[in-house]
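Please open the model in your viewer and keep the sequence panel beside it. The stops below say what to select next and what is there.

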Amino acid sequence: MKLLAGESRHDGEAGAFSAQVFAARIADIGHGGVSEDRGDHLLNPDLGQMLATTRMRDAAVLVPVVDRGPEATMLLTLRNASMRKHSGQIAFPGGAIDPEDGTAEHAALREAHEEIGLEAHRAELLGRLPRYLTTTGYSITPVLAVVRTPFDIIPNPDEVADVFEVPLSFLMNPRNHRRESRVWEGRERFYYTMPYQDRFIWGVTAGIIRTLYERLYA
């Protein structure tokens, strides 16, 4: 069967937002275009030059899709309000890549264990998204994984105020992606938001989720 532009052989099949189909979509697309950086500059082109001349610190986050049968979810954290950076914001488990980590994958799994107690053997690594460049000076590698149930969550209270799940079908629906803006340092800055119930997903986390949608579901 020949597919039209934008179509996937998984469209319309039962369990379209299951962890199995999520993994199959990643396998289909492979790593093509993974070197094409994403980031805050895509919605704010004037930031491009600044990011190009900024010395970035390498970081990694785990993008954990939880196998919940036909309706997978995405695991997210609420950062502790006392954190020095991005306090009180919704985020993926992750942080800076330390020299001893070696790879983004190892760093993402280490951070997930340190922040929420997720054991590495519960996460099946599937691939990466393009690096996401931030105005705070980080080059973030999102590591994609399916988390098999059951698993234990033990939040680190110094870093994480809450851990919760959002349906993958909600996050991969472009009708739930809002483009908003606010004035920052005298300039209007644009970003994505994805409000879900009483949760406000925005900024880098929403940008990474948007990248996932564009690569796998658009």
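How many helices and strands does the protein chain have? Colour this predicted model by secondary structure, and the protein chain shows 5 helices and 12 strands. With the whole chain still selected, switch on a surface: the accessible surface comes to about 11,100 Å², and carbon and sulfur atoms account for 50% of that area. Of the 218 residues in the chain, 48% are buried. If you display contacts with a separation of 6 or more, 65% of them are between residues 24 or more positions apart.

Next, select residues 104-116, which form helix 3. This helix has 13 residues and reaches 18 Å from its first C-alpha to its last, close to the 18 Å expected at 1.5 Å a residue. Is helix 3 mostly covered or mostly uncovered? Helix 3 is mostly covered, with 10 of its 13 residues buried. Show side chains for the buried residues, among them Ala104, Ala107, Ala108, Leu109 and Ile116, and include the buried Glu105, Arg110, Glu111 and Glu115 as well. Then bring up what covers these buried residues, which includes strand 2 (57-66), strand 3, strand 5 (94-96), strand 6 (123-128), strand 8 and strand 9. Before leaving, step just past the end of helix 3 to Gly117, where phi is positive at about 75 degrees.

From strand 3 (73-79), move into the loop that leads to strand 4 (90-91) and select Asn80. Asn80 is buried because its relative accessible area is 16%, under the 20% cut-off for that class. Which backbone oxygen does the side chain of Asn80 reach? Draw a distance to the backbone oxygen of Pro157, which the Asn80 side chain reaches at 2.6 Å.

Now go to the loop between strand 8 (138-147) and strand 9 (160-167), where Pro150 is placed. Select Thr149 together with Pro150 and inspect the peptide bond that joins them, which is cis, with omega about -5 degrees.

The last stop is the loop between strand 11 (187-196) and strand 12 (199-202), where you should select Gln197. Gln197 is not a glycine, although its phi is positive, at about 55 degrees. Is Gln197 buried or exposed? Gln197 is exposed because its relative accessible area is 69%, over the 50% cut-off for that class.

Conventions. Residues are numbered from 1 along each chain as its sequence is written. This is a predicted model: local features need pLDDT of at least 70, side-chain atom pairs count only at pLDDT 80 or more; totals for chains, interfaces and linings use all residues. Side-chain values use heavy atoms; hydrogens and water are left out. Helices (H or I, at least four residues) and strands (E, at least two) are DSSP runs, numbered from the N terminus. Buried means under 20% relative accessible area, exposed over 50%, partly exposed in between (1.4 Å probe, protein chains only). Contact means heavy atoms within 4.5 Å. Accessible areas come from the Shrake-Rupley method with a 1.4 Å probe; for residues, only the protein chains shown count as cover. A polar contact is a pair of N or O atoms within 3.5 Å; within protein, one must be able to donate a hydrogen and the other to accept it, and residues adjacent in sequence count only if both atoms are side-chain atoms. The expected span of a helix is 1.5 Å times one less than its number of residues.
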